[in-house]
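Hi,

Here is the structure I promised to pass on. Have a look at it first, and my notes follow underneath.

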Amino acid sequence: MSRLLIEGAKKLSGEVEVQGAKNSALPILAATILCRGENILHNCSNLSDVDAAVKILRYLGGKVSRHDKTMLVNTDDIRRFDIPHGLMREMRSSIVFLGAVLSRNKRAKLSFPGGCELGPRPIDLHLKALRQMGAIIKEYHGILDCSAPKGLKGTKIALSFPSVGATENIMLAAVNASGTTTITNAAREPEICDLADFLNKCGAKIYGAGEGTIVIDGVDKLDSAQHTIISDRIVTSTLMSCAAITGSEIIIRGIVAEHLNSIISTFEEAGCKILCSKGSMYFQAPEKLRAVKSIRTMPYPGFPTDAQAPVMSALTVADGTTCFVENIFESRYKHVGELARLGANIKVEGKVAIVEGVDTLSGAFVEAQDLRGAAALVTAGLAAEGTTEVAGIKYLERGYENFEVVLSGLGATVKKI
Ligand code: UD1
(Lines give C-alpha, C1' and ligand atoms only; values in the text may rest on other atoms or scores of the structure.)
Protein backbone atom coordinates (compact mmCIF):
# COMPACT_ATOMS: atom_id res chain seq x y z
CA MET A 1 0.00 0.00 0.00
CA SER A 2 1.60 3.26 -1.04
CA ARG A 3 1.79 6.28 1.23
CA LEU A 4 2.84 9.89 0.81
CA LEU A 5 5.57 11.39 2.97
CA ILE A 6 5.30 15.16 3.25
CA GLU A 7 7.84 17.50 4.82
CA GLY A 8 5.54 20.41 5.61
CA ALA A 9 5.65 24.06 6.66
CA LYS A 10 7.11 25.13 3.32
CA LYS A 11 5.75 27.72 0.93
CA LEU A 12 4.72 26.71 -2.58
CA SER A 13 5.60 28.74 -5.65
CA GLY A 14 5.48 28.55 -9.42
CA GLU A 15 2.95 27.45 -12.00
CA VAL A 16 0.85 24.35 -12.43
CA GLU A 17 -1.46 23.07 -15.18
CA VAL A 18 -4.71 21.61 -13.89
CA GLN A 19 -5.79 18.15 -15.08
CA GLY A 20 -8.96 17.19 -16.99
CA ALA A 21 -12.12 16.63 -14.95
CA LYS A 22 -12.66 13.09 -13.71
CA ASN A 23 -16.38 13.75 -13.26
CA SER A 24 -16.66 14.70 -16.94
CA ALA A 25 -14.47 11.93 -18.31
CA LEU A 26 -16.50 9.14 -16.68
CA PRO A 27 -19.98 9.98 -18.10
CA ILE A 28 -18.44 10.85 -21.48
CA LEU A 29 -16.70 7.46 -21.60
CA ALA A 30 -20.09 5.89 -20.82
CA ALA A 31 -21.65 8.03 -23.58
CA THR A 32 -19.31 6.56 -26.22
CA ILE A 33 -21.39 3.37 -25.95
CA LEU A 34 -24.04 5.22 -27.95
CA CYS A 35 -21.71 6.41 -30.73
CA ARG A 36 -20.68 4.73 -33.97
CA GLY A 37 -17.05 5.01 -35.11
CA GLU A 38 -13.94 6.18 -33.32
CA ASN A 39 -14.25 8.80 -30.57
CA ILE A 40 -11.20 10.88 -29.71
CA LEU A 41 -11.21 12.24 -26.17
CA HIS A 42 -8.46 14.71 -25.21
CA ASN A 43 -7.46 15.81 -21.70
CA CYS A 44 -8.40 12.47 -20.12
CA SER A 45 -6.55 12.23 -16.83
CA ASN A 46 -4.68 9.10 -15.90
CA LEU A 47 -6.70 8.04 -12.86
CA SER A 48 -7.77 4.74 -11.36
CA ASP A 49 -11.46 5.71 -11.75
CA VAL A 50 -10.88 6.35 -15.46
CA ASP A 51 -9.12 2.96 -15.71
CA ALA A 52 -12.18 1.38 -14.07
CA ALA A 53 -14.46 2.97 -16.71
CA VAL A 54 -12.13 1.68 -19.45
CA LYS A 55 -12.30 -1.84 -18.00
CA ILE A 56 -16.10 -1.69 -18.18
CA LEU A 57 -16.00 -0.52 -21.82
CA ARG A 58 -13.58 -3.31 -22.73
CA TYR A 59 -15.65 -5.92 -20.90
CA LEU A 60 -18.71 -4.84 -22.87
CA GLY A 61 -16.74 -5.26 -26.12
CA GLY A 62 -15.40 -1.75 -26.74
CA LYS A 63 -11.90 -0.98 -28.03
CA VAL A 64 -10.03 1.62 -26.00
CA SER A 65 -6.45 2.84 -26.26
CA ARG A 66 -4.64 5.65 -24.49
CA HIS A 67 -1.96 7.88 -25.98
CA ASP A 68 -0.82 10.13 -23.17
CA LYS A 69 -3.93 12.14 -22.31
CA THR A 70 -5.89 11.20 -25.42
CA MET A 71 -8.18 8.18 -25.48
CA LEU A 72 -9.46 6.51 -28.62
CA VAL A 73 -12.73 4.70 -28.02
CA ASN A 74 -14.63 2.57 -30.50
CA THR A 75 -17.73 0.75 -29.27
CA ASP A 76 -19.03 -0.57 -32.62
CA ASP A 77 -18.64 -4.19 -31.53
CA ILE A 78 -20.34 -3.91 -28.15
CA ARG A 79 -22.76 -6.79 -27.70
CA ARG A 80 -22.79 -7.41 -23.94
CA PHE A 81 -25.28 -5.74 -21.65
CA ASP A 82 -24.09 -7.02 -18.26
CA ILE A 83 -21.50 -5.44 -15.98
CA PRO A 84 -20.06 -7.83 -13.39
CA HIS A 85 -20.14 -7.00 -9.71
CA GLY A 86 -16.34 -6.67 -9.43
CA LEU A 87 -16.24 -3.93 -12.09
CA MET A 88 -19.26 -2.12 -10.63
CA ARG A 89 -17.64 -2.02 -7.20
CA GLU A 90 -14.34 -0.61 -8.44
CA MET A 91 -15.95 2.74 -9.09
CA ARG A 92 -19.05 4.06 -7.40
CA SER A 93 -20.10 6.22 -10.32
CA SER A 94 -20.30 3.14 -12.59
CA ILE A 95 -24.09 3.54 -12.31
CA VAL A 96 -23.76 6.15 -15.07
CA PHE A 97 -23.28 3.21 -17.48
CA LEU A 98 -26.86 2.09 -16.87
CA GLY A 99 -28.62 4.62 -19.14
CA ALA A 100 -26.14 4.13 -21.98
CA VAL A 101 -26.09 0.31 -21.89
CA LEU A 102 -29.89 0.11 -21.65
CA SER A 103 -30.34 2.53 -24.54
CA ARG A 104 -27.83 0.69 -26.73
CA ASN A 105 -28.96 -2.90 -26.07
CA LYS A 106 -32.51 -2.51 -24.75
CA ARG A 107 -31.13 -4.56 -21.85
CA ALA A 108 -28.80 -3.84 -18.94
CA LYS A 109 -27.90 -6.09 -16.06
CA LEU A 110 -25.63 -4.76 -13.38
CA SER A 111 -25.18 -4.95 -9.65
CA PHE A 112 -26.43 -2.24 -7.31
CA PRO A 113 -23.65 0.25 -6.61
CA GLY A 114 -24.58 -0.02 -2.91
CA GLY A 115 -23.48 2.16 0.00
CA CYS A 116 -20.04 3.70 0.00
CA GLU A 117 -17.53 5.68 1.93
CA LEU A 118 -19.72 8.81 1.76
CA GLY A 119 -22.75 7.04 3.21
CA PRO A 120 -25.68 5.56 1.33
CA ARG A 121 -25.82 6.56 -2.32
CA PRO A 122 -29.38 5.87 -3.39
CA ILE A 123 -30.29 5.54 -7.07
CA ASP A 124 -34.07 5.75 -6.71
CA LEU A 125 -34.21 8.90 -8.87
CA HIS A 126 -32.27 7.16 -11.68
CA LEU A 127 -34.58 4.14 -11.59
CA LYS A 128 -37.80 6.12 -11.33
CA ALA A 129 -36.84 8.19 -14.38
CA LEU A 130 -35.86 5.16 -16.47
CA ARG A 131 -39.15 3.46 -15.54
CA GLN A 132 -41.00 6.59 -16.65
CA MET A 133 -39.20 6.19 -19.98
CA GLY A 134 -40.54 2.66 -20.37
CA ALA A 135 -37.81 0.55 -18.78
CA ILE A 136 -38.83 -2.56 -16.87
CA ILE A 137 -36.46 -2.88 -13.93
CA LYS A 138 -36.33 -5.92 -11.67
CA GLU A 139 -34.28 -5.76 -8.50
CA TYR A 140 -33.13 -9.08 -6.97
CA HIS A 141 -30.08 -10.40 -5.08
CA GLY A 142 -28.39 -7.01 -5.41
CA ILE A 143 -28.84 -7.05 -9.20
CA LEU A 144 -30.61 -4.52 -11.39
CA ASP A 145 -32.09 -6.35 -14.35
CA CYS A 146 -33.38 -3.81 -16.84
CA SER A 147 -35.05 -4.15 -20.18
CA ALA A 148 -36.87 -1.91 -22.61
CA PRO A 149 -38.35 -4.35 -25.14
CA LYS A 150 -40.21 -1.58 -26.97
CA GLY A 151 -37.30 0.87 -26.68
CA LEU A 152 -37.14 3.92 -24.41
CA LYS A 153 -39.68 6.70 -24.82
CA GLY A 154 -39.24 10.41 -24.20
CA THR A 155 -41.32 11.85 -21.39
CA LYS A 156 -41.44 14.63 -18.76
CA ILE A 157 -39.23 13.91 -15.76
CA ALA A 158 -39.36 16.15 -12.71
CA LEU A 159 -36.41 15.39 -10.41
CA SER A 160 -37.13 15.93 -6.70
CA PHE A 161 -33.41 16.79 -6.24
CA PRO A 162 -30.99 17.97 -8.96
CA SER A 163 -28.96 14.74 -8.85
CA VAL A 164 -25.88 14.83 -11.08
CA GLY A 165 -25.82 11.09 -11.69
CA ALA A 166 -29.57 10.86 -12.38
CA THR A 167 -29.45 13.80 -14.81
CA GLU A 168 -26.57 12.11 -16.68
CA ASN A 169 -28.33 8.75 -16.82
CA ILE A 170 -31.52 10.33 -18.13
CA MET A 171 -29.60 12.28 -20.79
CA LEU A 172 -27.86 9.08 -21.91
CA ALA A 173 -31.13 7.17 -22.02
CA ALA A 174 -32.95 10.00 -23.80
CA VAL A 175 -30.63 10.88 -26.68
CA ASN A 176 -31.75 7.82 -28.68
CA ALA A 177 -35.24 7.49 -27.17
CA SER A 178 -38.31 8.07 -29.31
CA GLY A 179 -39.77 11.56 -28.87
CA THR A 180 -38.81 14.35 -26.51
CA THR A 181 -37.59 14.09 -22.91
CA THR A 182 -37.83 17.10 -20.63
CA ILE A 183 -35.93 17.08 -17.32
CA THR A 184 -36.98 19.70 -14.80
CA ASN A 185 -34.89 20.47 -11.69
CA ALA A 186 -31.94 19.03 -13.64
CA ALA A 187 -28.41 19.24 -12.22
CA ARG A 188 -26.55 22.30 -13.59
CA GLU A 189 -22.96 21.20 -12.92
CA PRO A 190 -20.35 22.07 -15.62
CA GLU A 191 -19.84 18.31 -16.13
CA ILE A 192 -23.48 18.07 -17.30
CA CYS A 193 -22.72 20.74 -19.94
CA ASP A 194 -19.58 18.87 -21.00
CA LEU A 195 -21.55 15.65 -21.47
CA ALA A 196 -24.18 17.54 -23.49
CA ASP A 197 -21.47 19.19 -25.61
CA PHE A 198 -19.92 15.82 -26.43
CA LEU A 199 -23.27 14.20 -27.25
CA ASN A 200 -24.36 17.17 -29.38
CA LYS A 201 -21.10 16.92 -31.35
CA CYS A 202 -22.11 13.32 -32.04
CA GLY A 203 -25.48 14.45 -33.40
CA ALA A 204 -27.66 14.48 -30.28
CA LYS A 205 -30.24 17.23 -29.76
CA ILE A 206 -29.87 18.39 -26.18
CA TYR A 207 -30.99 21.90 -25.28
CA GLY A 208 -30.61 23.80 -22.00
CA ALA A 209 -27.76 21.87 -20.32
CA GLY A 210 -26.49 24.03 -17.45
CA GLU A 211 -30.02 25.30 -16.79
CA GLY A 212 -32.73 23.83 -14.61
CA THR A 213 -34.68 22.46 -17.57
CA ILE A 214 -33.04 20.24 -20.18
CA VAL A 215 -34.91 19.21 -23.32
CA ILE A 216 -33.70 16.25 -25.37
CA ASP A 217 -35.13 15.37 -28.77
CA GLY A 218 -34.36 11.73 -29.46
CA VAL A 219 -32.41 10.95 -32.65
CA ASP A 220 -32.00 7.58 -34.42
CA LYS A 221 -28.26 7.30 -34.16
CA LEU A 222 -25.14 9.10 -32.98
CA ASP A 223 -21.83 9.37 -34.78
CA SER A 224 -18.45 9.68 -33.08
CA ALA A 225 -16.73 12.94 -32.17
CA GLN A 226 -13.51 14.53 -31.07
CA HIS A 227 -13.79 16.29 -27.72
CA THR A 228 -11.60 17.90 -25.07
CA ILE A 229 -12.66 17.20 -21.47
CA ILE A 230 -13.08 20.37 -19.35
CA SER A 231 -10.61 21.09 -16.57
CA ASP A 232 -11.17 19.73 -13.10
CA ARG A 233 -12.69 22.38 -10.82
CA ILE A 234 -12.22 20.20 -7.74
CA VAL A 235 -8.51 19.66 -8.37
CA THR A 236 -8.26 23.42 -8.93
CA SER A 237 -9.99 24.01 -5.57
CA THR A 238 -7.55 21.61 -3.94
CA LEU A 239 -4.55 23.43 -5.41
CA MET A 240 -6.03 26.71 -4.15
CA SER A 241 -6.39 25.09 -0.69
CA CYS A 242 -2.76 23.93 -0.79
CA ALA A 243 -1.57 27.44 -1.63
CA ALA A 244 -3.91 29.01 0.95
CA ILE A 245 -2.81 26.83 3.87
CA THR A 246 0.89 27.47 3.16
CA GLY A 247 0.52 31.24 2.64
CA SER A 248 1.76 30.86 -0.93
CA GLU A 249 1.55 32.59 -4.28
CA ILE A 250 1.01 30.32 -7.30
CA ILE A 251 -0.39 30.39 -10.83
CA ILE A 252 -2.86 27.70 -11.91
CA ARG A 253 -3.22 27.28 -15.67
CA GLY A 254 -6.02 25.67 -17.67
CA ILE A 255 -8.86 26.72 -15.38
CA VAL A 256 -12.41 27.81 -16.20
CA ALA A 257 -12.96 30.73 -13.82
CA GLU A 258 -16.76 30.73 -14.12
CA HIS A 259 -16.88 27.14 -12.77
CA LEU A 260 -15.13 28.32 -9.60
CA ASN A 261 -17.25 31.28 -8.46
CA SER A 262 -18.28 29.86 -5.07
CA ILE A 263 -14.72 28.68 -4.34
CA ILE A 264 -13.15 31.97 -5.40
CA SER A 265 -15.50 33.99 -3.19
CA THR A 266 -14.75 31.69 -0.24
CA PHE A 267 -10.99 32.18 -0.55
CA GLU A 268 -11.44 35.91 -1.10
CA GLU A 269 -13.38 36.06 2.17
CA ALA A 270 -10.42 34.25 3.76
CA GLY A 271 -8.15 37.09 2.61
CA CYS A 272 -6.67 35.61 -0.58
CA LYS A 273 -6.06 37.69 -3.68
CA ILE A 274 -7.27 35.97 -6.84
CA LEU A 275 -7.02 37.19 -10.42
CA CYS A 276 -8.32 35.13 -13.33
CA SER A 277 -7.60 35.86 -16.95
CA LYS A 278 -7.50 33.80 -20.14
CA GLY A 279 -7.74 30.42 -18.45
CA SER A 280 -5.14 31.16 -15.77
CA MET A 281 -5.49 32.02 -12.11
CA TYR A 282 -3.05 34.04 -10.03
CA PHE A 283 -3.56 33.05 -6.39
CA GLN A 284 -1.91 34.81 -3.47
CA ALA A 285 -2.63 33.83 0.14
CA PRO A 286 -1.98 36.04 3.16
CA GLU A 287 0.44 34.91 5.92
CA LYS A 288 -2.61 34.12 8.06
CA LEU A 289 -6.00 33.23 6.56
CA ARG A 290 -9.20 34.69 7.99
CA ALA A 291 -12.02 32.34 8.98
CA VAL A 292 -15.02 32.24 6.65
CA LYS A 293 -18.43 32.81 8.20
CA SER A 294 -20.14 29.71 6.89
CA ILE A 295 -19.70 27.22 4.06
CA ARG A 296 -22.75 25.24 2.98
CA THR A 297 -22.35 22.54 0.34
CA MET A 298 -25.03 22.81 -2.33
CA PRO A 299 -25.74 21.66 -5.86
CA TYR A 300 -23.93 23.80 -8.48
CA PRO A 301 -23.55 26.78 -8.62
CA GLY A 302 -23.38 26.45 -4.82
CA PHE A 303 -20.27 25.40 -2.93
CA PRO A 304 -19.32 21.86 -4.12
CA THR A 305 -19.41 18.99 -1.65
CA ASP A 306 -16.24 17.67 -3.31
CA ALA A 307 -14.30 20.80 -2.26
CA GLN A 308 -15.49 20.74 1.36
CA ALA A 309 -12.67 18.55 2.70
CA PRO A 310 -9.61 20.32 1.20
CA VAL A 311 -11.05 23.78 1.92
CA MET A 312 -11.71 22.70 5.51
CA SER A 313 -8.03 21.75 5.83
CA ALA A 314 -7.00 25.23 4.68
CA LEU A 315 -9.25 26.87 7.26
CA THR A 316 -7.94 24.79 10.19
CA VAL A 317 -5.15 27.37 10.50
CA ALA A 318 -7.30 30.47 9.87
CA ASP A 319 -7.81 33.23 12.37
CA GLY A 320 -11.25 32.55 13.88
CA THR A 321 -14.05 30.01 13.53
CA THR A 322 -15.58 28.62 10.32
CA CYS A 323 -18.86 26.72 10.25
CA PHE A 324 -19.33 24.04 7.57
CA VAL A 325 -22.72 22.53 6.72
CA GLU A 326 -22.57 19.40 4.54
CA ASN A 327 -25.92 19.16 2.77
CA ILE A 328 -25.18 16.58 0.05
CA PHE A 329 -23.71 13.46 1.66
CA GLU A 330 -24.16 11.99 5.15
CA SER A 331 -20.68 10.67 5.91
CA ARG A 332 -18.45 13.30 4.46
CA TYR A 333 -16.47 14.29 7.55
CA LYS A 334 -14.21 11.22 7.79
CA HIS A 335 -11.13 13.41 7.36
CA VAL A 336 -11.97 15.34 10.54
CA GLY A 337 -10.62 12.73 12.97
CA GLU A 338 -7.39 12.51 10.97
CA LEU A 339 -7.03 16.31 10.80
CA ALA A 340 -7.29 16.28 14.62
CA ARG A 341 -4.15 14.08 14.72
CA LEU A 342 -2.36 16.93 12.97
CA GLY A 343 -3.59 19.35 15.64
CA ALA A 344 -6.74 20.75 14.02
CA ASN A 345 -9.60 21.75 16.29
CA ILE A 346 -12.87 20.63 14.68
CA LYS A 347 -16.16 19.57 16.25
CA VAL A 348 -18.74 17.68 14.24
CA GLU A 349 -22.39 17.39 15.06
CA GLY A 350 -24.51 15.79 12.33
CA LYS A 351 -24.07 17.76 9.15
CA VAL A 352 -22.31 20.68 10.89
CA ALA A 353 -18.56 20.97 11.49
CA ILE A 354 -17.15 23.85 13.51
CA VAL A 355 -13.52 24.60 12.72
CA GLU A 356 -11.66 26.70 15.31
CA GLY A 357 -8.48 27.96 13.70
CA VAL A 358 -5.22 26.91 15.40
CA ASP A 359 -1.76 28.50 15.15
CA THR A 360 0.03 25.53 13.63
CA LEU A 361 -0.43 21.91 12.60
CA SER A 362 2.17 19.26 13.40
CA GLY A 363 3.08 16.27 11.25
CA ALA A 364 1.69 12.83 12.13
CA PHE A 365 0.64 9.52 10.59
CA VAL A 366 -2.84 9.86 9.07
CA GLU A 367 -4.99 7.58 6.97
CA ALA A 368 -7.38 8.61 4.20
CA GLN A 369 -10.77 6.95 3.98
CA ASP A 370 -12.16 8.57 0.86
CA LEU A 371 -11.02 10.50 -2.22
CA ARG A 372 -11.52 14.13 -1.18
CA GLY A 373 -10.61 13.30 2.41
CA ALA A 374 -7.24 12.08 1.08
CA ALA A 375 -6.77 15.42 -0.70
CA ALA A 376 -7.60 17.21 2.55
CA LEU A 377 -4.92 15.28 4.45
CA VAL A 378 -2.30 16.06 1.83
CA THR A 379 -3.33 19.74 1.95
CA ALA A 380 -2.93 19.80 5.73
CA GLY A 381 0.38 17.91 5.56
CA LEU A 382 1.85 20.68 3.41
CA ALA A 383 1.38 23.14 6.29
CA ALA A 384 2.18 20.82 9.20
CA GLU A 385 5.55 21.14 10.88
CA GLY A 386 7.72 18.04 10.50
CA THR A 387 6.74 14.92 8.59
CA THR A 388 3.22 13.83 7.72
CA GLU A 389 2.68 10.32 6.43
CA VAL A 390 -0.59 9.87 4.54
CA ALA A 391 -1.79 6.29 4.10
CA GLY A 392 -4.74 5.29 1.90
CA ILE A 393 -3.28 6.91 -1.20
CA LYS A 394 -5.33 4.59 -3.43
CA TYR A 395 -8.23 6.97 -2.72
CA LEU A 396 -6.22 10.00 -3.83
CA GLU A 397 -5.28 8.23 -7.05
CA ARG A 398 -8.95 7.82 -7.96
CA GLY A 399 -9.13 11.53 -8.68
CA TYR A 400 -5.71 13.24 -8.60
CA GLU A 401 -3.16 12.49 -11.31
CA ASN A 402 0.40 12.16 -9.98
CA PHE A 403 -0.41 14.61 -7.21
CA GLU A 404 2.97 14.18 -5.52
CA VAL A 405 4.66 15.17 -8.80
CA VAL A 406 2.32 18.16 -9.22
CA LEU A 407 3.07 19.39 -5.68
CA SER A 408 6.81 18.76 -6.03
CA GLY A 409 6.68 20.95 -9.14
CA LEU A 410 5.41 23.73 -6.88
CA GLY A 411 8.33 23.25 -4.51
CA ALA A 412 6.72 20.95 -1.93
CA THR A 413 8.70 18.09 -0.44
CA VAL A 414 6.42 15.14 -1.15
CA LYS A 415 7.50 11.59 -1.82
CA LYS A 416 5.50 8.46 -2.61
CA ILE A 417 6.75 5.40 -0.76
C1 UD1 B 1 -22.27 14.07 -6.35
C2 UD1 B 1 -22.20 15.58 -6.44
C3 UD1 B 1 -21.34 15.93 -7.61
C4 UD1 B 1 -19.98 15.26 -7.42
C5 UD1 B 1 -20.14 13.76 -7.23
C6 UD1 B 1 -18.84 13.04 -6.95
C7 UD1 B 1 -23.93 17.19 -5.88
C8 UD1 B 1 -25.34 17.60 -6.05
N9 UD1 B 1 -23.54 16.09 -6.57
O10 UD1 B 1 -22.83 13.59 -7.55
O11 UD1 B 1 -21.21 17.32 -7.75
O12 UD1 B 1 -19.17 15.51 -8.50
O13 UD1 B 1 -21.01 13.53 -6.15
O14 UD1 B 1 -18.42 13.20 -5.63
O15 UD1 B 1 -23.18 17.80 -5.16
N16 UD1 B 1 -29.81 11.10 -4.32
C17 UD1 B 1 -30.95 10.40 -4.04
N18 UD1 B 1 -31.43 9.52 -4.98
C19 UD1 B 1 -30.81 9.34 -6.18
C20 UD1 B 1 -29.64 10.07 -6.45
C21 UD1 B 1 -29.16 10.94 -5.51
O22 UD1 B 1 -31.53 10.52 -2.96
O23 UD1 B 1 -31.29 8.54 -6.98
C24 UD1 B 1 -29.27 12.05 -3.32
C25 UD1 B 1 -27.94 11.56 -2.75
O26 UD1 B 1 -28.11 10.72 -1.64
C27 UD1 B 1 -27.26 12.83 -2.36
C28 UD1 B 1 -27.75 13.81 -3.41
O29 UD1 B 1 -28.94 13.25 -3.94
O30 UD1 B 1 -27.71 13.29 -1.11
C31 UD1 B 1 -26.71 14.10 -4.49
O32 UD1 B 1 -26.58 13.03 -5.28
P33 UD1 B 1 -26.02 13.06 -6.78
O34 UD1 B 1 -25.87 14.44 -7.30
O35 UD1 B 1 -26.81 12.09 -7.54
O36 UD1 B 1 -24.63 12.44 -6.51
P37 UD1 B 1 -23.56 12.18 -7.54
O38 UD1 B 1 -24.10 12.01 -8.91
O39 UD1 B 1 -22.71 11.12 -6.95
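I'd start with the ligand: the space it takes up is the largest pocket. Keep in mind that this is a predicted model, so everything below is computed from it.

The shell around the ligand comes to 16 residues, and the closest of them are Asp 124, Leu 125, Ser 163, Asp 306 and Ile 328. Sorted by class, that shell holds 7 nonpolar, 5 polar and 4 charged residues. Three helices each put at least two residues into the shell: H5 (124-132), H6 (164-174) and H10 (305-315). Of everything that contributes, H5 gives the most, with 3 residues.

Which atoms come up against the ligand's oxygens? On the side-chain side there is Ser 163, with a polar atom 2.5 Å from a ligand oxygen. The backbone joins in as well: an N or O atom of Val 164 sits 2.8 Å from an oxygen atom of the ligand, and a polar backbone atom of Ile 328 is 2.5 Å from a ligand oxygen. As for burial, the ligand on its own has 710 Å² of accessible area, and the protein covers 83% of that.

Next, the aromatics. Searching the whole structure turns up 2 aromatic pairs. One of them is Phe 267 with Phe 283, an edge-to-face arrangement with 5.6 Å from centre to centre and 80° between the planes. That pair links distant parts of the chain, as Phe 267 belongs to helix H9 (residues 261-269) and Phe 283 to strand E19 (residues 280-284), with the two residues 16 apart.

Finally, two backbone details you may want to look at in your viewer:

- The peptide bond going from Tyr 300 to Pro 301 is cis, and its omega is near 10°. Pro 301 lies in the loop that runs between strand E20 (294-296) and H10, and H10 is one of the helices that supply at least two residues to the ligand shell.
- Asp 68 has a positive phi, near 55°, although the residue is not a glycine. You'll find Asp 68 in the loop between strand E5 (63-67) and strand E6 (70-74).

If you only have a few minutes, I'd go to the ligand pocket and look at Ser 163, Val 164 and Ile 328, each with an atom facing a ligand oxygen at the distances above.

Cheers

Key. Residues are numbered from 1 along each chain as its sequence is written. This is a predicted model: local features need pLDDT of at least 70, side-chain atom pairs count only at pLDDT 80 or more; totals for chains, interfaces and linings use all residues. Side-chain values use heavy atoms; hydrogens and water are left out. A residue is near a molecule or strand if one of its heavy atoms lies within 4 Å of it. A polar contact is a pair of N or O atoms within 3.5 Å; within protein, one must be able to donate a hydrogen and the other to accept it, and residues adjacent in sequence count only if both atoms are side-chain atoms. Accessible areas come from the Shrake-Rupley method with a 1.4 Å probe; for residues, only the protein chains shown count as cover. On a 1 Å grid over the protein atoms alone, a cavity is a set of points where a 1.4 Å probe fits but cannot get out, and a pocket is an open set with protein on both sides within 12 Å along at least five of seven lines; lining residues have an atom within 4 Å of a point. A molecule sits in a cavity or pocket if more than half of its atoms lie within 2 Å of its grid points. Helices (H or I, at least four residues) and strands (E, at least two) are DSSP runs, numbered from the N terminus. Ala, Val, Leu, Ile, Met, Phe, Trp, Tyr, Cys and Pro count as nonpolar, Asp, Glu, Lys and Arg as charged, and the others, Gly among them, as polar. Rings of Phe, Tyr and Trp (its six-membered ring) pair if their centres lie within 6.5 Å; planes under 30 degrees apart count as stacked, over 60 as edge-to-face and the rest as tilted.
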